[in-house]
Amino acid sequence: MMGGMAGLEGVEQPRPRSSAAAARLTSVAEDEQAYRALELFGNPTEGEVRLPSRPESAATARRITSCVMLRQWQLPPQTAEYGVLLVSELVGNAVRHTGARIFGLRMLRRRGWVRIEVRDPSRGLPCLMPVREMDVSGRGLFLVDKLSDRWGVDLLPRGKTTWFEMRTTDR
């Protein structure tokens with residue numbers, strides 16, 4: 001008996017998309033919003049980008065991160081997807097838990113690594129909590145811990161920087 005998905009024998013299965021095809025899936029409208037965000041707030045690869053500490057800033061941070069990782073750094077789509085998700089989690093924590101008016105986003109790249117930082121004025125340390133299957137919140141740092149190669153917090157005289165790093169394959 002031939003292995004496969006039950007009831008789908010003979011049906012052509014979808015092929016995995018190439019990284020080039022996946023990168024093209026980003027819509028033109030999303031690209032335009034990302035470029036507008038870069039123009040308005042600045043490029044986090046050139047210095048810290050300061051964003052208002054509001055829930056809607058998570059979308060701006062995601063757009064900026066996606067644009068830098070896919071367009072500027074030309075990283076694989078899955079790496080960019082993970083980066084965008086983890087930025088969203090760190091920004092969500094900064095907005096939800098710090099009471100800050102602004103937070104900073106910075107992105108660094110060196111051979112074989114990407115580092116993304118979110119700075120806020122609170123010195124309260126984030127806490128990695130155990131996650132259970134039915135939990136509906138509290139998964140942010142769990143995801144950062146699982147999807148990044150390393151992460152941490154640097155205390156500053158006024159606040160902290162929460163960061164993660166991911167290995168990359170340089171072209």
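Here are some notes on this predicted model, going from the overall layout to a few individual residues.

1. **Overall layout.** The chain has five helices and five strands. Read from the N terminus, the order of elements is α-α-β-α-α-β-β-α-β-β. Of the 171 residues, 40% are buried. If you look at contacts with a separation of 6 or more, 64% of them come from residues 24 or more positions apart.

2. **The sheet.** The five strands make an open sheet, ordered β1-β2-β3-β5-β4, with antiparallel pairing. At the edges you will find β1 (49-52) and β4 (150-156), each of which pairs on one side only. From one strand to the next, the twist averages 20°. As a reminder, strands of a sheet pair through backbone hydrogen bonds, either parallel or antiparallel.

3. **From β2 to β3.** Seven bridges hold β2 (residues 102-110) and β3 (residues 113-120) in an antiparallel pair. A handy place to check the register is L108, which faces R115 of β3. R115 is worth a second look, since it also stands opposite E165 in β5. Following L108, R115 and E165 therefore takes you across β2, β3 and β5 on screen.4. **β5 and its partners.** On one side, β5 (159-167) is joined to β3 by eight bridges, and the two run antiparallel. β5 also pairs with β4, again in the antiparallel sense, over seven bridges. Within that pairing, W151 has F164 of β5 as its bridge partner. The connection from β4 to β5 is a hairpin through two residues. Is β5 enclosed or open to the outside, and how many of its residues are buried? Eight of its nine residues are buried, so the strand is largely enclosed by the rest of the structure.

5. **Helix α4 on the sheet.** Helix α4 (residues 77-97) lies across β2, β3 and β5. Relative to β5, α4 runs at about 165°. β5 thus appears in three settings: it pairs with β3, it pairs with β4, and α4 lies across it.

6. **Helix α4 against α5.** Two packed helices are described by the angle between their axes and the distance between the axes. For α4 and α5 (residues 140-147), the angle is about 145° and the axes are 9 Å apart. Their crossing is left-handed. On the α4 side the contact involves Y82, L85, L86, E89, L90 and N93, while α5 contributes G140, L141, L143, V144 and L147. By type, these residues comprise eight nonpolar, two polar and one charged.

7. **T98, after α4.** T98 sits in the loop between α4 and β2. Is T98 buried or exposed? Its relative accessibility is 18%, which puts it in the buried class. A polar atom of the T98 side chain is 2.5 Å from the backbone oxygen of A94, a distance you may like to inspect yourself. Beyond residues up to four places away in sequence, T98 touches N93, D120, S122 and K160. One of these, N93, also belongs to the α4 side of the contact with α5. The C-alpha atoms of T98 and P121 are separated by 7.3 Å, with their positions 23 residues apart along the chain.

8. **S122, after β3.** S122 is in the loop between β3 and α5. With 16% relative accessibility, S122 counts as buried. What does the side chain of S122 reach? The backbone nitrogen of G124, at 3.0 Å. Setting aside neighbours within four places in sequence, S122 contacts T98, G159 and K160. K160 is also touched by T98, so it is a convenient residue to display with T98 and S122 when you look at this region.

9. **Q74, a point on the backbone.** Most residues other than glycine have a negative phi, and most peptide bonds are trans. Q74 has a phi near 55°, a positive value in a residue other than glycine. Where is Q74 found? In the loop between α3 (57-72) and α4. At 48% relative accessibility, Q74 counts as partly exposed.

Terms used: Residues are numbered from 1 along each chain as its sequence is written. This is a predicted model: local features need pLDDT of at least 70, side-chain atom pairs count only at pLDDT 80 or more; totals for chains, interfaces and linings use all residues. Side-chain values use heavy atoms; hydrogens and water are left out. Two strands pair if DSSP finds at least two bridges between them. Helices (H or I, at least four residues) and strands (E, at least two) are DSSP runs, numbered from the N terminus. Axes are lines fitted to C-alpha atoms, for helices over the stretch in contact, and angles run from 0 to 180 degrees between N-to-C directions. Contact means heavy atoms within 4.5 Å. A crossing is left-handed if the near helix is turned anticlockwise from the far one by less than a right angle, and right-handed if clockwise. Ala, Val, Leu, Ile, Met, Phe, Trp, Tyr, Cys and Pro count as nonpolar, Asp, Glu, Lys and Arg as charged, and the others, Gly among them, as polar. Buried means under 20% relative accessible area, exposed over 50%, partly exposed in between (1.4 Å probe, protein chains only). A polar contact is a pair of N or O atoms within 3.5 Å; within protein, one must be able to donate a hydrogen and the other to accept it, and residues adjacent in sequence count only if both atoms are side-chain atoms.
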